[in-house]
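Let's take a walk through this structure together, one piece at a time. Keep the 3D view open and follow along as we go.

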Amino acid sequence: MIEAENLYAGYAGHSVVKGVSLRVTPGETVALLGPNGCGKTTLLKALCAAHPAHSGSIHVDGDDLGGLSAPERARRIAYVPQQHRLVFAYSVLDVVMMGRLAGRGLIARPTPADFAAVHAVLTRFGLHDLAARSYAALSGGQRQQVLIARALAQDAPYLLLDEPASSLDYGNQLRLLDLLAQLRGGGRGVLFTTHHPDHAFAVATRVVLMQGGRFIAQGTPAQCMRREQLAQLYALPADQLDRAVRARRWAQQPA
Amino acid sequence: MKTMWTLSALLLVAVMLSLLLGRYQPSPLEAALRLWQGIEGKPSELWTVIETLRLPRVIAAVSIGAALAASGAAYQSLFRNPLASPEVLGGLAGAAFGAALGILLGHALWQVQLASFVFGLLAVGLTLLLARLVGQGGIVVLLLAGLITGAFFTALLSAAKYVADPYDKLPAITYWLMGTLSSVDAHRVWLTAPPMLAATAALMALGHALNVLSMGDEEATTLGMPVRPLRLLVIALATLLGTLSVVLAGMIAWVGLLIPQIARLIWGADNRRVLPACALLGALYVLLLDDIARTALPVELPLGVLTALVGLPVFGAVLRRVAVGWSE
């Protein structure tokens, strides 16, 4: 279990995350929703020590996160950043292999088993044909899939994903949601941020609503993603929200 | 992998030929005879020339080429910038000033070289200290601190040149800075080449770690890299390599920036291949140019000028293809 208590995190001098407490248990899929700039990414980075917390405590399976070595942390928590560009033209295989060698020391070398694992995870994403291609030459959605593949190759019991669906096409979004459900079935603890309430409804066992660095609600999707709460979360007039929902329903009507 | 073996074989052949190449040039038949006698233990003039002059120089050229190219590639990954070179942290500027100071104070060669070494390490130490004082120990702060230190020691170097005796000391400083292997002797090579080759080998072993480090500090941390200790280790190794190369030969220009680009062009971005490729390619490049420097004209050409004069047009010619490797 990842367990954060009264966590403050942010950048020089000011906290973006302001005193939140959160648990992610194995076999659970937690969706974190909130408007732009509310501190979702900072929270995720703090939870895997990519960015140091200002105060509060984080424990992973009972061990203090700060007391674990970087390799030990990587063996327990995998992190998927938002898709990004790279300066150097690493191949897709190179990038995914980085996850495989995580936590194996400075001079780790890939074994045949590592290559097999990387190819398996690339096949799972339909990226197998792109293995030798440069990561830099991929589309935004493909890059995002490669980063998710790398985290899976890392084979850690906990996964933190930062807007994993943001660049994916509709088909790949649905495939991602299925993947998240499978991970839950496999006993992993997953925390992901999303801007789509639908995604939270589709796979989350628990939803956390975040605003201004604090949690304003936690619970099952049905409990805390009601009309009023979403309108409040995204500062929308309720009728605007209704219009969007109605438009979507009509789109689903048979012609 | 196959190309890497080819490159190793090429380097070996180049080393052999370089040993036979020089001003003292007996006919091939006689040379073969003398070499054979040398192996049997009979001294000959050719054997002495090879042993005392050419072998140290060849080893120095190979070590310097490998050192500069490998440290350049390591810094490029560390700073996530294909334009980084061994001088980014100010170490080479410090070493150049140290050498100039040594010459200015009229000391013996070994003292000049010691001053060069000490000031090279001192400059990088100052850069790290400055970056630490600024805090937020990120890569950009480190780069800026290096820029400041480098500019500071370059200014000190100008001051040293300004006060130097224009008939005696100033030419000596200027020639040193142009970079040459003409003052290399066996004793100093045996002292500096082993640590250089060892540090190059250490950087090669860190290829995977450098890949991960080039993803950025946060991501490298989540991938299990102890970022700060690793960064210090890479800086220490690259500083040792850059400084020792200045100690041995002065400023050998552009090798650290150009060779990694060419290596990535051929072997891709993976540092597990790029670093060994850089070491081999850099060694070959400096060795061949030093052969030209010492044999092409009746007077010796400054090697550092040659590496720039030959390297830059080559780089210009492949720039288009190199730039494709940089994602934007």
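Two residues are in contact here if their C-beta atoms, placed from the backbone, lie within 7 Å. With that in mind, please note that this is a predicted model. A good place to try out the contact rule is B:Ile235: leaving aside residues up to four places away in sequence, B:Ile235 touches B:Leu89 and B:Val124. B:Ile235 belongs to helix α11 of chain B, which covers residues 227–249. Is B:Ile235 buried or exposed? It has 22 other C-beta atoms within 10 Å, and a residue is buried if that count is 20 or more, so B:Ile235 is buried. For a sense of distance, B:Arg273 is 38 residues from B:Ile235 in sequence, and their C-alpha atoms are 20 Å apart in space.

Helix α11 also helps us reach another part of chain B. The buried residues of α8(B) pack against α11, and also against α3 (45–78), α9 (207–213) and α13 (271–295) of chain B. Those buried residues of α8(B) are B:Val189, B:Thr192, B:Ala193, B:Met196, B:Ala199, B:Thr200, B:Leu203 and B:Met204. One of them, B:Thr192, marks a kink of about 30° in α8(B), shortly before the proline B:Pro194. How does the helix's length work out? Helix α8 of chain B runs over residues 186–205, and at 1.5 Å a residue its 20 residues should span 28 Å; the end C-alpha atoms are 28 Å apart, so expectation and model agree.

Now let's move across to chain A. Contacts link 29 residues of chain A with 27 residues of chain B. On the chain A side, the elements that give two or more residues are α2 (70–76) and α3 (92–100) of chain A. Sorted by class, that side of chain A has 21 nonpolar, 5 polar and 3 charged residues.

Stepping back to the whole of chain A, we find 10 helices and 10 strands. The C-alpha trace of chain A spans about 55 × 50 × 35 Å along its principal axes. A compact globule of 255 residues would have a radius of gyration near 18 Å, and chain A has 19 Å, so the two agree. Buried residues make up 44% of the 255 residues in chain A. Among contacts in chain A with a separation of 6 or more, 67% come from residues 24 or more positions apart.

Where do the strands of chain A join up? Let's begin with strand β1 (residues 2–11), which runs antiparallel to strand β2 (residues 14–24) of chain A, with 8 bridges joining the two. One pair to look for is A:Ala4 in bridge partnership with A:Leu22 of β2(A). The hairpin of β1(A) and β2(A) has 2 residues between the strands, and there A:Gly13 takes a positive phi near 85°. β1(A) also pairs antiparallel with strand β4 (residues 53–60) of chain A, through 6 bridges. Here A:Tyr8 has A:Ser55 of β4(A) as its bridge partner.

Two further backbone angles deserve a look. A:Asn6, which is found in strand β1 of chain A, has a positive phi of about 45° although it is not a glycine. A:Ala49 is not a glycine either, yet has a positive phi of about 65°; it lies in the loop between α1 (40–47) and β4 of chain A. What about their surroundings? A:Asn6 has 11 C-beta neighbours inside 10 Å, so it counts as exposed. A:Ala49 has 21 C-beta neighbours inside 10 Å, so it counts as buried.

Our last stop is strand β3 (residues 29–33) of chain A. In a regular strand, side chains alternate between the two faces of the sheet. In β3(A), A:Thr29, A:Ala31 and A:Leu33 are buried on one side, and A:Val30 and A:Leu32 are buried on the other, so that both faces are covered. Because 5 of its 5 residues are buried, β3 of chain A is largely enclosed by the rest of the structure. β3(A) pairs in the parallel sense with strand β8 (residues 189–194) of chain A over 5 bridges, and with strand β9 (residues 206–211) of chain A, also in the parallel sense, over 4 bridges. A:Leu33 takes part in both pairings: its bridge partner in β8(A) is A:Thr194, while A:Leu209 stands opposite A:Leu33 in β9(A).

How values were computed. Residues numbered from 1 in each chain as written. Chains lettered and ligands numbered in written order. Predicted model: local features only at pLDDT ≥ 70, side-chain atom pairs only at ≥ 80, totals over all residues. Pairing = 2+ DSSP bridges. Nonpolar A, V, L, I, M, F, W, Y, C, P; charged D, E, K, R; others polar. Rg over C-alpha atoms; globule rule 2.2 N^0.38 Å. Buried ≥ 20, exposed ≤ 12 C-beta atoms within 10 Å, placed from the backbone. Expected span 1.5 Å × (residues − 1). Bend = angle between axes of the 7 residues up to and from the residue.
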